[in-house]
Structure formats: C-alpha cells, structure tokens
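Thanks for making the time this morning; I would like to take you through one structure, and I will try to keep to what can be read from the atoms.

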Amino acid sequence: MKFETVSPETVNKLFKPTKLQTILDSFMRSDALAVRCVMAPGEYANASSAQSSYHTAIKRLGYPIAARVFNGDMYLIKINPAKKEETTNEHS
C-alpha cells in the first residue's frame with residue numbers, strides 16, 4: 001500500500017463533526033453546568049430516545065457529561081471527574 005497526500009478540502013469532506021458532536025462540543029465549551037435540551041418536532045421520538053443517542057455520543061467522545069430525562073425533558077449535566085476521584089480516594 002502506498003499513501004497519497006490529499007488536499008485540506010478533502011479532509012473537511014471526509015471528517016465533518018456530527019450534529020451531536022457539535023452540540024456536545026458547544027456544551028463543553030460553555031460555562032453552564034446543566035442545560036435543558038429543546039428538541040424540534042420530529043427530531044426524536046421522545047426524550048428517552050434522545051437520551052439514548054446522546055449517551056452513546058457522550059461515551060464515544062469521552063466527555064464527563066450525563067444525559068438525564070426529567071418530567072419529559074432531557075437535560076445535559078456536566079460531571080466533575082475531579083470531585084469523583086476525591087470521594088473515591090477518601091474511601092480507599
């Protein structure tokens with residue numbers, strides 16, 4: 001096999017962040033600790049379906065975020081991994 005260099009335009013066409021990745025990246029850059037996700041009609045069957053999709057994307061991206069459904073709405077919540085480690089180390 002041999003390699004051939006491609007143009008930056010080709011790279012942009014081959015790797016384009018998904019809609020969920022773009023949303024999660026934006027949430028991670030924000031100062032908000034939690035947000036309610038307002039879904040467009042027909043975007044997902046229900047909040048549980050959205051939660052499942054987001055959970056998969058969050059896990060794949062390795063983000064410290066939890067997707068929770070409460071009263072029919074889905075929320076994204078930042079989890080503080082440093083706080084978890086402190087609690088775990090205290091009990092060791």
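I will go through the strands, then one helix and its ends, and then the charged pairs.

Before that, please keep in mind that this is a predicted model, in which local features need pLDDT of at least 70 and side-chain atom pairs count only at pLDDT 80 or more, while totals for chains, interfaces and linings use all residues. Residues are numbered from 1 along each chain as its sequence is written, and side-chain values use heavy atoms, with hydrogens and water left out.

Let me start with the strands. Helices and strands here are DSSP runs, H or I of at least four residues for a helix and E of at least two for a strand, numbered from the N terminus, and two strands pair if DSSP finds at least two bridges between them. Strand S1, residues 34-37, runs antiparallel to strand S3, residues 73-78, and four bridges join them; within that pairing, Arg36 has Tyr75 as its bridge partner. Strand S2, residues 65-70, is also antiparallel to S3, and here there are six bridges. In this second pairing Ile65 stands opposite Lys78, and Phe70 stands opposite Asp73.

What lies between S2 and S3? The two strands form a hairpin with two residues between them, and Asn71, in the turn, has a positive phi of about 50°, although Asn71 is not a glycine. For the accessibility words I will use, buried means under 20% relative accessible area, exposed means over 50%, and partly exposed is in between, with a 1.4 Å probe and protein chains only. By that scale Asn71 is exposed, with a relative accessible area of 66%.

Staying with the strands for one more residue, Val35 lies in S1 and is partly exposed at 27%. Its C-alpha atom is separated by 5.5 Å from that of Tyr75, although the two residues are 40 apart along the chain. If contact means heavy atoms within 4.5 Å, then Val35 touches Phe27, Met74, Tyr75 and Leu76, not counting residues up to four places away in sequence.

Now to helix H3. It has 15 residues, which at 1.5 Å a residue should span 21 Å, and the end C-alpha atoms are 21 Å apart, which agrees; the expected span is taken as 1.5 Å times one less than the number of residues. Which residues of H3 are buried? They are Ala47, Ala50, Tyr54, Ala57 and Ile58, and, seen down the axis of H3, they fall within an arc of 100°, so they line one face of the helix. The arc is that of the directions from the helix axis to the C-beta atoms. These buried residues pack against H2, S2 and S3, whereas the face turned away from the buried side carries the exposed residues Lys59 and Arg60.

The two ends of H3 are also worth a look. At the N-terminal end, Asn46 acts as a cap, with a side-chain oxygen 3.1 Å from the backbone nitrogen of Ser48. After the helix comes Gly62, whose phi is positive, near 75°.

In helix H2, residues 19-29, we find Gln21, which counts as buried at 19% relative accessibility. Gln21 touches Phe15 and Leu61, again leaving out residues up to four places away in sequence.

Finally, the charged pairs. Side chains of opposite charge can pair when their charged atoms come close. If a salt bridge is a side-chain nitrogen of Lys or Arg within 4 Å of a carboxyl oxygen of Asp or Glu, the count comes to two.

One joins Lys19 to Glu43, with the closest N and O atoms 2.4 Å apart. Lys19 lies in helix H2 and Glu43 in the loop between S1 and helix H3, so the pair ties together parts that are 24 residues apart in sequence. Lys19 counts as exposed at 52% relative accessibility, and Glu43 as partly exposed at 27%.

The other joins Asp73 to Arg36, with the closest N and O atoms 3.9 Å apart. Asp73 lies in strand S3 and Arg36 in strand S1, so this pair ties together parts that are 37 residues apart in sequence. Asp73 is partly exposed at 26% relative accessibility, and Arg36 is partly exposed at 45%.

Key:
A polar contact is a pair of N or O atoms within 3.5 Å; within protein, one must be able to donate a hydrogen and the other to accept it, and residues adjacent in sequence count only if both atoms are side-chain atoms.
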